[in-house]
Amino acid sequence: MEKPPLLDGEDGSVLAESRSDVALVSADEEGSAGAHGQEDDRPAWDSKLQYVLAQVGFSVGLGNVWRFPYLCHQNGGGAFMLLYVMLLLIIGVPLFFMELAAGQSIRQGSIGVWKHISPRLAGIGYSSCMVCFFVALYYNVIIAWSLFYMGNSFQYPLPWEQCPVDMISNQTVKECAASSPTSYFWFRKALDISDSIDQSGEFNPILTGCLLAAWAIVCLAMIKGIKSSAKVMYFSSVFPYAVLICFLIRGLMLDGAIEGIKYMFYPKLEIWGEVQVWRQAATQVFFALGLGYGSVIAYSSYNPVHNNCHRDAIMVSGINFMTSVLASLVVFVVLGFRAKNIALNCVATMAEMAKTGSAQHWWPWFNMSDPKLVALQDYREWYSHYGSLLGSNITDCDLEREMSKGVEGTGLAFIAFTEAMALFPASPFWSTLFFLMLLNLGLSTMFGTMQGILTPLMDNFRVLGRHKTMLTVCSCILGFFIGLLFTQRSGNYFVTMFDDYSATLPLIIVVVFETVSVAWIYGADRFLDDVEVMLRWRPPVVYCYLWKYVCLLGMVGLLAASLLRMVFKRPTYTAWNHTTGSETSLEYPGWALVMLSTLIIVASLPVPVGYLLSFLRGGQSLPVEEGEVQPPRERYSKYNSSEPEPNNHHSPLDEDRNRKSSFLGELFL
């Protein structure tokens with residue numbers, strides 16, 4: 001059933017039709033369509049399980065494993081979790097529900113959904129596609145890194161357990177000795193990284209091959225659309241949970257696990273007074289659910305109309321949060337074990353120095369043959385009494401200090417976690433399992449990201465819709481060649497740039513416009529009317545107020561905080577100094593600032609450009625170009641003749657609504 005946007009001057013109303021017009025197709029229409037064999041050819045999920053796994057697989061990604069634990073670690077542990085849950089309930093779930101309902105109702109990708117509401121909002125969908133493309137470029141590089149590490153895990157001992165020896169001098173390589181075996185392997189063996197973003201260097205042939213393999217996997221999995229990718233989801237979405245549970249069980253048996261969990265859950269409520277913590281919590285909610293990418297809309301557009309998208313929103317959000325908690329438990333258990341080992345090695349080193357140095361007069365364990373047998377607590381108690389009398393070479397061995405050295409992102413996965421796994425019995429097995437988990441987490445998110453690109457394009461351009469396989473293959477080939485930027489020696493710095501700037505601001509802008517279009521232009525009450533027709537029950541009216549005020553103000557506040565942070569703090573990146581074997585913070589050079597600004601502008605530009613073009617055309621629908629399809633109202637499902645026939649006449653309430661004009665409606669429509 002067509003639902004065209006209302007043009008200016010039609011009774012001054014914001015919409016072209018009322019709640020009754022968005023009801024299911026009538027029995028007569030459906031019967032006629034069936035008689036002529038005109039079935040809806042839009043793909044559909046084979047089962048509800050497939051759909052749930054796809055949404056969970058997309059929303060649960062690498063950020064749940066290496067970003068959320070870091071934020072808990074740095075921002076008050078349990079206090080941050082409480083703040084996160086609150087923002088998830090009042091901002092995350094309502095916006096997630098809004099995207100699910102919009103996609104399921106209009107049965108289009110992100111471009112078609114917002115163009116359907118108003119031609120002047122078509123740019124929202126194009127911005128979502130651009131962001132998805134930028135994210136796909138660097139996200140597949142992380143998958144390539146996981147493939148590289150997984151391939152190197154099939155050997156014993158693991159290649160990052162010990163520092164290599166220089167064949168010429170027969171001494172430990174200086175860069176490794178100055179850092180650690182895991183840091184050296186990551187920065188030198190895996191990335192062969194340069195000292196700054198200005199030093200590009202040659203391409204890394206091994207990582208280039210891994211990137212090609214990563215894109216080949218994505219292409220093969222998506223070549224048949226959701227029919228092929230959904231089958232892969234059965235494994236890629238479920239396997240990470242099995243691995244996390246195995247790691248948790250194994251980790252709880254390690255010395256230091258309890259200390260790690262205590263550190264994680266100990267609440268520091270004073271952090272609630274810091275604006276930075278609120279910004280980080282809101283950003284994590286925003287990205288954890290995948291809002292603004294268009295992938296949520298694309299996946300839900302393949303659902304039957306009566307699917308309970310409200311329950312899906314709550315269920316997927318809950319699974320996402322519980323996954324973050326599970327991943328945090330695993331991370332803190334393993335980091336607790338790592339910190340305990342570092343502290344005990346520190347005690348052993350200090351014991352050797354104390355026995356032979358000036359501290360021997362106060363050393364109480366002279367007769368102990370093995371310094372490693374000195375208990376950490378005993379050493380710290382001894383140091384608290386005699387520390388002021390000792391030389392500067394005798395230091396405290398603080399477990400909490402080691403735990404407080406927070407690592408996130410690639411540092412957590414490829415340095416801290418690999419260091420801890422090297423201490424596990426049967427370390428190659430656990431290493432292989434871990435990087436296979438990262439591979440599957442990355443792939444399931446990658447499938448959703450690519451779907452956010454392909455579905456809108458196929459829905460809105462008939463030529464592309466007729467050549468789905470070719471579009472998928474060409475997109476992957478293009479992604480691989482542009483992705484070569486990330487396989488040069490300075491590639492890691494570009495990954496950081498894309499991760500920090502290509503998605504954050506554009507996505508927030510996209511979601512702000514999405515919220516305005518649904519809550520104010522379309523009308524929150526009308527949208528809830530449509531949802532009531534779909535679900536056959538009306539969701540709580542509190543969603544109207546959340547969409548119109550709480551979510552919108554929250555997203556505008558997040559946008560303002562992000563802009564202010566960029567304006568008042570010059571963008572920096574973390575570089576590796578091979579001479580000192582340590583990381584340093586450097587400012588982006590001028591050309592890099594231009595590049596990251598271009599990423600933000602290119603991703604955000606379709607929103608104002610789409611509005612301006614439509615405004616210059618007098619608010620009329622954009623002309624249909626060759627191969628472009630105007631977004632139709634698809635047939636949702638078979639009409640059941642046992643149910644009362646939908647009323648296709650306007651109710652008095654709807655007619656009264658249609659007589660009311662709106663400033664925002666006239667502005668955008």
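This is a walk through the fold, the core, the salt bridges and a few backbone oddities of a predicted model.

**The overall build**

Let's start with the chain as a whole. It runs to 669 residues, and 58% of them count as buried. The secondary structure is 29 helices plus two strands. If you take the contacts with a separation of 6 or more, 81% of them join residues 24 or more positions apart.

**The core**

Nonpolar side chains in soluble globular proteins tend to be buried together. Here, the largest nonpolar core holds 190 residues. Helix α7, residues 122-152, is the top contributor to this core, with 19 residues.

Which residues have the most contacts inside the core? They are F247 and W547. For W547, set aside the neighbours within four places in sequence and look at what remains. On one side of the numbering there are P94, L95, F97 and M98. Further along the chain, W547 also touches T515, A519, A524, F527, L528 and L552.

**Salt bridges**

How many salt bridges does a search of the whole structure find? The count is seven. Three of them are set out here.

| Pair | Closest N to O distance |
|---|---|
| R188 and E175 | 3.1 Å |
| D192 and R489 | 3.9 Å |
| R538 and E532 | 2.9 Å |

Take the R188 and E175 pair to begin with. R188 sits in helix α9 (residues 181-190) and E175 in helix α8 (residues 174-178), so this bridge ties together parts 13 residues apart in sequence. Are the two partners buried or exposed? R188 is buried at 14% relative accessibility, and E175 is buried too, at 10%.

The D192 and R489 pair spans a much wider stretch of sequence. D192 belongs to the loop between α9 and α10 (205-222), while R489 belongs to the loop between α22 (468-483) and α23 (491-502), so the parts tied together are 297 residues apart in sequence. D192 is partly exposed, with a relative accessibility of 27%, and R489 is partly exposed at 25%.

These two pairs also belong together: E175, R188, D192 and R489 are linked in a network of salt bridges. In the remaining pair of the table, R538 is partly exposed at 32% relative accessibility, and its partner is E532.

**Positions flagged in the record**

The unreviewed UniProt entry lists G57, V60, N64 and L441 under "binding site". These positions spread over 385 residues of sequence, yet they cluster in space, with a largest C-alpha distance of 11.4 Å.

N64 is worth a look of its own. It lies in helix α3, residues 62-66, and it is buried, with just 2% relative accessibility. Apart from neighbours within four places in sequence, N64 is in contact with S59, P69, N320, S324 and A327.

**A pair of packed helices**

Two packed helices are described by the angle between their axes and the distance between the axes. For helix α26 (residues 590-604) and helix α27 (residues 606-616), the angle is about 40 degrees and the axes are 5 Å apart. Which residues meet there? From α26 come V602, A603 and S604, and from α27 come P606, V607 and P608. Sorted by type, that contact has five nonpolar residues, one polar residue and no charged ones.

**Backbone oddities**

Most residues other than glycine have a negative phi, and most peptide bonds are trans. A few spots in this model go the other way.

The peptide bond from Y156 to P157 is cis, with omega near -5 degrees. P157 is in the loop between α7 and α8.

Two residues other than glycine have a positive phi. For A426 the value is near 55 degrees, and this residue is found in the loop between α19 (409-421) and α20 (427-460). For R536, phi is near 65 degrees. R536 lies in the loop between α24 (504-535) and α25 (542-568) and is partly exposed, at 49% relative accessibility.

Notes: Residues are numbered from 1 along each chain as its sequence is written. This is a predicted model: local features need pLDDT of at least 70, side-chain atom pairs count only at pLDDT 80 or more; totals for chains, interfaces and linings use all residues. Side-chain values use heavy atoms; hydrogens and water are left out. Axes are lines fitted to C-alpha atoms, for helices over the stretch in contact, and angles run from 0 to 180 degrees between N-to-C directions. Helices (H or I, at least four residues) and strands (E, at least two) are DSSP runs, numbered from the N terminus. Contact means heavy atoms within 4.5 Å. Ala, Val, Leu, Ile, Met, Phe, Trp, Tyr, Cys and Pro count as nonpolar, Asp, Glu, Lys and Arg as charged, and the others, Gly among them, as polar. A nonpolar core is a set of buried Ala, Val, Leu, Ile, Met, Phe, Trp, Tyr and Cys residues joined through side-chain atoms within 4.5 Å. Buried means under 20% relative accessible area, exposed over 50%, partly exposed in between (1.4 Å probe, protein chains only). A salt bridge is a side-chain nitrogen of Lys or Arg within 4 Å of a carboxyl oxygen of Asp or Glu. UniProt positions are given in the numbering used here, feature names are shortened, and annotations may be inferred rather than shown by experiment.
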